[in-house]
Amino acid sequence: MSRTQTALYVFCAVLACTPLSCSKHEGPARTIKVVMKKYSIEPAEIHVRQGENVVLEVTTTDVQHGFDVPDLNVSESIQPGMTATFRLPTGRKGNFTVECGVICGPRHDQMRGKVVVD
Ligand SMILES: [Cu+2]
């Protein structure tokens, strides 16, 4: 093999190993739709596997809410008429509380959910 051929071979080998195919995440992203409204988060429990590639699509059916998971450093504003799309960190096993980040009414404190990574 000439030097050029060798260089080309290495180049192609590197190309074939794109960041996606070499990602530690398992396969393409799983999308989970979440709906927030006074005063609930649906689904109330989001179950994922550790290291799973998960994208959340969060909407609200009434007023503005916030999708906050303090222990995962997630804090997303959920605006009426819009879909907030973001990746859910799944690197750490555990139960993580989801709470509404916007005081949206008298029972705002009851807007709770849970992310379970196992
Ligand atoms: Cu709220």
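Here is a walk through the fold, from the overall layout to the strand pairings and then the core. Keep in mind that what you're looking at is a predicted model.

Let's start with the big picture. The protein chain has two helices and nine strands, and the order is easy to remember: starting at the N terminus, the elements run α-α-β-β-β-β-β-β-β-β-β. Contacts in the protein chain reach a long way along the sequence: of those with a separation of 6 or more, 64% are between residues 24 or more positions apart. As for burial, 19% of the 118 residues in the protein chain are buried.

Now for the strands. One set of five makes an open sheet, in the order E3-E9-E8-E5-E6 and with mixed pairing. At its edges sit strand E3 (45-48) and strand E6 (74-78), each of which pairs on one side only. If you ignore direction, neighbouring strands of this sheet are turned by 15 degrees against each other on average. Inside that order, strand E5 (residues 65-69) and strand E8 (residues 94-100) run antiparallel and are joined by two bridges. To find this spot on screen, look for Phe 67, which stands opposite Cys 100 in E8.

Next, turn to E1. Its pairing with E4 is parallel and comes with seven bridges; Thr 31 standing opposite Val 55 in E4 is a handy marker. E1 also pairs with strand E2 (residues 40-42), this time in the antiparallel sense and over three bridges. Here Val 35 stands opposite Glu 42 in E2. E1 and E2 form a hairpin, and two residues lie between them. As a reminder, strands of a sheet pair through backbone hydrogen bonds, whether parallel or antiparallel.

So which residues touch the most other members of the largest nonpolar core? That core has 16 residues, and the ones in question are Val 34, Met 36, Val 58 and Phe 67. Two or more residues each come from strand E1 (30-37), strand E4 (54-60), E5, E8 and strand E9 (112-117). Of these, E4 gives the most, with three residues.

Val 58 is a good place to zoom in. Leaving out residues up to four places away in sequence, Val 58 touches Val 34, Met 36, Phe 67, Glu 76, Ile 78 and Ala 84. Three names on that list should look familiar: Val 34, Met 36 and Phe 67 are, like Val 58, among the residues that touch the most other core members. And Phe 67 takes you back to the open sheet, where this residue stands opposite Cys 100 in E8.

Note on methods: Residues numbered from 1 in each chain as written. Predicted model: local features only at pLDDT ≥ 70, side-chain atom pairs only at ≥ 80, totals over all residues. Helix = DSSP H or I, 4+ residues; strand = E, 2+ residues; numbered from the N terminus. Buried ≥ 20, exposed ≤ 12 C-beta atoms within 10 Å, placed from the backbone. Contact = placed C-beta atoms within 7 Å. Pairing = 2+ DSSP bridges. Axes fitted to C-alpha atoms, helices over the stretch in contact; angles between N-to-C directions. Core = buried A, V, L, I, M, F, W, Y, C linked by C-beta atoms within 7 Å.
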